[in-house]
Structures are given as C-alpha cells and as structure tokens.
Amino acid sequence: MASSLCDEIKSNALVGDSEQYDLAGYNQGWINDLVAGCLGETLPAKTYFACKFVIGGGKKTRQKYDEGMLTHISVALRGAGYEEDRGASACKECVGTYKYQHDTDKDLKYVHVFPRVDLTA
C-alpha cells in the first residue's frame, strides 16, 4: 500500500504537482514505510511541491483513520529529519518541513509535507 503511494508521489514530483493523498486505513507500519520509501529521500522534481495527507476528520470520517495518525506521521517525519513549521509552504526555504492543519469547514485534518527536492534532475 505504501509503495504504490510512494510511486504516485514520485510521479507527481516529476511534473511538479502538489496533490492530496488520503491515508484512511493506513497504520503506523505503513506510515513508516511511506516516509522511508519516498519522503525520507531527496526527490527529483520539476518545482517545489507539497504533499497534503488527509489523516483524520470529524464524526462522519474519524472511524476510517488510526486515532494516533498525527503522532505516527510526526514521529516518522522527525526521524527522517523533517521539522515542524506552522508557516511552511512549497518554497525553497521550507523543504524538509511539515505542518498540521484542521480544516473546520471541511471537518478534515491534514498534514502538509514539503519534501526535499532536486530541481536539477
């Protein structure tokens, strides 16, 4: 499951697409595999980009997500050298950072990850 998502993220990086990925059904092991398989390495990319991971939500969606998802993904990202930055965006200064967001309008919880990229590839 994590390897196919890694392939999708790498493919989107090559064309410079920032996309949203739903982590419903993922567990801690798959999160660790996802980070180790692609987010923990420098990705060849067309431009700076973001990965927006849906990690939870309100009453209607919360049963689809591991309740420890924020902790799992934060620990895995910090282990790969990422730092939390609440003001991060898809730019040179923010590579290797992530931020948490709770969108109360959509009642969803996200982690935005700004991977390290190699723009010369």
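**Notes on the fold, the hairpin loop and the largest pocket**

1. Let's start at aspartate 107, which is partly exposed, with a relative accessible area of 36%. The cut-offs matter here: a residue counts as buried under 20% and as exposed over 50%, so aspartate 107 falls in between. Keep in mind that this is a predicted model.

2. Where does aspartate 107 lie? It is in the loop between β5 and β6. Those two strands form a hairpin with four residues between them. The backbone is worth a look too: phi of aspartate 107 is near 55 degrees, a positive value in a residue other than glycine. For context, most residues other than glycine have a negative phi.

3. Now the strands on either side of that loop. β5 (residues 97-103) and β6 (residues 108-114) run antiparallel and are joined by seven bridges. If you want to check the register, tyrosine 98 stands opposite valine 113 in β6, and tyrosine 100 has valine 111 as its bridge partner in β6.

4. β6 also pairs with β3, again in the antiparallel sense, and six bridges connect β3 and β6. Here valine 54 stands opposite tyrosine 110 in β6. How many of the seven residues of β6 are buried? Six of them are, so β6 is largely enclosed by the rest of the structure.

5. Zooming out to the whole sheet: it is open, has five strands in the order β1-β3-β6-β5-β4, and its pairing is mixed. β1 and β4 (83-84) stand at the edges with a single partner strand each, so one side of each has no neighbour in the sheet.

6. On to the helices. α1 lies across β1 and β3, and runs at about 175 degrees to β1. The loop between α1 (2-15) and β1 (19-22) holds glycine 16. Leaving aside residues up to four places away in sequence, glycine 16 touches Lys46 and Thr47. Its C-alpha atom is separated by 9.1 Å from that of alanine 50, with the two residues 34 apart along the chain.

7. Which residues of α3 are buried? They are Met69, His72, Ile73, Ser74, Ala76 and Leu77. The cover over the buried residues of α3 includes α2 (28-39), β3, β5 and β6. After α3 comes glycine 81, where phi is positive, near 90 degrees.

8. Last, the largest pocket, which you may want to bring up in your viewer. About 190 Å³ of space lies in it. The lining is made of Ile55, Gly56, Gly57, Arg62, Tyr65, Asp66, Glu67, Met69, Leu70, Tyr100 and Lys109. Two elements, β3 (51-57) and α3 (69-79), give two or more residues to that lining, and β3 gives the most, with three. By class, the lining has five nonpolar, two polar and four charged residues.

9. A couple of cross-links between these points. Met69 is buried in α3 and is also among the residues lining the largest pocket. Tyr100, another of the lining residues, is bridged to valine 111 in β6. β3 turns up repeatedly as well: it pairs with β6, α1 lies across it, and it is part of what covers the buried residues of α3.

Key:
Residues numbered from 1 in each chain as written. Predicted model: local features only at pLDDT ≥ 70, side-chain atom pairs only at ≥ 80, totals over all residues. Heavy atoms only, no water. 1 Å grid on protein atoms, 1.4 Å probe; cavity = no way out; pocket = protein on both sides within 12 Å on 5 of 7 lines; lining within 4 Å. Points joined across faces, edges and corners; volume = space filled by probe spheres on them. Nonpolar A, V, L, I, M, F, W, Y, C, P; charged D, E, K, R; others polar. Contact = heavy atoms within 4.5 Å. Pairing = 2+ DSSP bridges. Axes fitted to C-alpha atoms, helices over the stretch in contact; angles between N-to-C directions. Buried < 20%, exposed > 50% of the residue type's maximum accessible area, 1.4 Å probe, protein only.
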